Amino acid sequence: MAIMKTLFCNFLNLFFPDLCVVCNEKLSEGEQHICTDCLLLLPKTNFHLQPDNRLEQFFAGRIPFRHIAAYAYFVKGGSIQQIIHELKYNRNPEIGNFIGELCGENIKGSNFISAIDLIVPVPLHPKREKQRGYNQSLEICKGMSKVTGVPVDSTTLVRTVNNQSQTKNSRFDRWKNVEDIFALTDNEAFRNKHILLVDDVITTGSTLESSAKEILKSEGSSISIFAVGTAG
Ligand SMILES: [Zn+2]
C-alpha cells in the first residue's frame, strides 16, 4: 500500500507539482514550501545578535522590554511579503510552521532565546481565527518551539475586542483602537516569567505594544519580542 501511495503522490506531482511560494518554480525532492535558492536569498536581519538594533530603538520608551528582533526584512513585493501572504490568506498553516522552524534555527543557541521561559503568540479575536481557520502567529510559534524546545502558551493571553480592519486608520487611531483589547485568562501563568511575544510582521508595533502591556500586568514578568518580518 505504501508503494501505491508513493506512486499516486508522484503521479499527482507530475500534474500538480509543489511550487516555491516565492519564485513559483517547481520544488525539487526534499524541498518544502520555499526552494533552496530563495531560502538563501531571504533578507535576514540578525537583529537577535545586535543589542540596540533598529527595532529596539523603535520600541524604546513605548514599553519596557528585554530584547526585540525579527527574522528578515519585509519589503513590498519581496519574499517575506509573499510568504506572509501565503500564510495569512491562502489557508496554508504549514508554511507558518516551516517559517517558524527557520526562525528557531536562526536564534537557537543565542542569548536571545536561551533566557526565554514561554513563547506567546499575539492572539486573534476568536471570530477572526475561525474565519482564517488558525492563528498564523501560533503556527509560527509552534515551529519555533519545535526547534528551540521552549514551550508555547497560546491560552493565557486572549483578544477580547475584534478590531482587525484598521488598515485605513492613522497611527494614532490605530493606537487608540488597540488599547485594552487584550486580557489574561490566568493571573499566575506569566508570573516571574520572561515571555517571548511573537507576531508575523512588525509595522506600527501598536498591537504588540498593547499585548505586551497586558502581559506585563503579571507580577515579575518581562518581555522580549520576535517577528518573522519587520518593515524597517
Ligand atoms: Zn524559489
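User: What makes the length of helix 8 (residues 136–148) agree with the expected span?

Analyst: In this predicted model, the 13 residues of helix 8 should span 18 Å at 1.5 Å a residue, and because the end C-alpha atoms of the helix lie 19 Å apart, the two values agree.

User: Why is helix 8 called largely enclosed by the rest of the structure?

Analyst: A residue counts as buried when its relative accessible area is under 20%, and 10 of the 13 residues of helix 8 are buried, so the description as largely enclosed follows. The buried residues are Gln136, Ser137, Leu138, Glu139, Ile140, Cys141, Gly143, Met144, Ser145 and Val147. Their cover includes helix 4, helix 5, helix 7 (126–132), strand 2, strand 5 and strand 6 (222–230).

User: Why is helix 4 (residues 79–89) called oblique to helix 5 (residues 93–107)?

Analyst: Their axes are 7 Å apart and the helices pack at an angle of about 135°. Roughly perpendicular pairs fall at 65 to 115 degrees and roughly antiparallel ones at over 145, so with that angle helix 4 is oblique to helix 5. In the contact, Ile83, Glu86 and Leu87 of helix 4 meet Pro93, Ile95, Gly96 and Ile99 of helix 5, and by class these comprise five nonpolar, one polar and one charged residues.

User: How do you know that strand 2 (residues 118–121) is covered on both faces, and what makes strand 2 and strand 5 (residues 194–202) a pair?

Analyst: Leu118 and Val120 are buried on one side of strand 2, and Ile119 and Pro121 are buried on the other. Pairing requires at least two bridges, and strand 2 and strand 5 have four, in the parallel sense, with Pro121 standing opposite Val198 in strand 5.

Definitions and conventions:
Residues are numbered from 1 along each chain as its sequence is written. This is a predicted model: local features need pLDDT of at least 70, side-chain atom pairs count only at pLDDT 80 or more; totals for chains, interfaces and linings use all residues. Side-chain values use heavy atoms; hydrogens and water are left out. Buried means under 20% relative accessible area, exposed over 50%, partly exposed in between (1.4 Å probe, protein chains only). Helices (H or I, at least four residues) and strands (E, at least two) are DSSP runs, numbered from the N terminus. Axes are lines fitted to C-alpha atoms, for helices over the stretch in contact, and angles run from 0 to 180 degrees between N-to-C directions. Angles under 35 degrees count as roughly parallel, over 145 as roughly antiparallel, 65 to 115 as roughly perpendicular and the rest as oblique. Contact means heavy atoms within 4.5 Å. Ala, Val, Leu, Ile, Met, Phe, Trp, Tyr, Cys and Pro count as nonpolar, Asp, Glu, Lys and Arg as charged, and the others, Gly among them, as polar. The expected span of a helix is 1.5 Å times one less than its number of residues.
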